[in-house]
Amino acid sequence: MFFRTIFLFALLVAGVEPQTSPDWLFLRSGAKIRGTFEGATSQTVQFRFANGTSKAYNRNDIAWINFGVLAAPTQGTNPGSNQSPEANPGSLSACLQTPPPDIPASTGSRVPLEQARLALQFHNCARSEVGTPPLVWSPEIAARAQSWADHLATQENCNLIHTANNKYGQNLFGGSGNFTALDASQSWYSEKKQYHYAVLNQDNWYATGHYTQMIWKNTKAIGIGQAACSGGGVVIAAEYDPPGNYMGEAPY
């Protein structure tokens, strides 16, 4: 069965730091649990605590997962099991030192021009790590993303609900702060530490689907929109064309 949209919980990571930070589990009851993500099935998420014990949480009880951030790889390191035989990884940190790409002056959304350029650059540097071709920014797709971000902000109280029957791939992000499209991109990328190169299936896509959509081999264009939430914070939607995350396929 093909999945054209990503149905994952949002991540609230502000950016990539030069070390690994803890994972957090946010339950619908309001509880916030610190630990280490160990894996997931179609029904549960396994979390390990500092005392060495583990517990499986029902997905219906989880509001979102905040994955700790993995440091960017250094030049010349081998990503090991995260690399396919065909991948030609580069250095994320070195790539991000280059000028961001040019995009149309009108982004098509409320994402400012410079932030759109930085988010696109971050996506393309993540893609260069695994050898997939760069994306282009589409104002038309960004307008679609903006429309959905506005819907979430005005009609859904900024709850992160994915578009039904969407012809694009979709990543969503929300946070109580002055987050940007670049912050959202870095958050989605942080799932990389959970990904070990394999075809997608019902057991492994849950924890890494934002990341695999970012780097999906056949995706060519992206657009991002953002909207302010009435209670403070922001919701950010990214749309990808063509979509990725097909079950039974590998991202690169």
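**Close-up 1. The loop holding asparagine 157.** Asparagine 157 sits in the loop between α3 (139-155) and β7 (169-175), where helices (H or I, at least four residues) and strands (E, at least two) are DSSP runs numbered from the N terminus. The model is predicted, with local features requiring a pLDDT of at least 70 and side-chain atom pairs counting only at pLDDT 80 or more, whereas totals for chains, interfaces and linings use all residues. Residues are numbered from 1 along each chain as its sequence is written, and side-chain values use heavy atoms, leaving out hydrogens and water. The phi of asparagine 157 is positive, near 55°, in a residue other than glycine, and asparagine 157 is exposed, with a relative accessible area of 60%; buried means under 20% relative accessible area, exposed over 50%, and partly exposed in between (1.4 Å probe, protein chains only).

**Close-up 2. The segment after β9.** Proline 242 lies in the segment after β9 (234-241), and the peptide bond leading to proline 242 from aspartate 241 is cis, with omega near -10°. Asparagine 245 lies in the segment after β9 as well; although not a glycine, asparagine 245 has a positive phi of about 60°, and at 2% relative accessibility it counts as buried.

**Close-up 3. Helix α2 and the glycine after it.** The end C-alpha atoms of helix α2 (residues 113-130) are 27 Å apart, which agrees with the 26 Å that its 18 residues should span at 1.5 Å a residue, the expected span being 1.5 Å times one less than the number of residues. Of these 18 residues, 13 are buried, and just after α2 glycine 131 takes a positive phi of about 85°.
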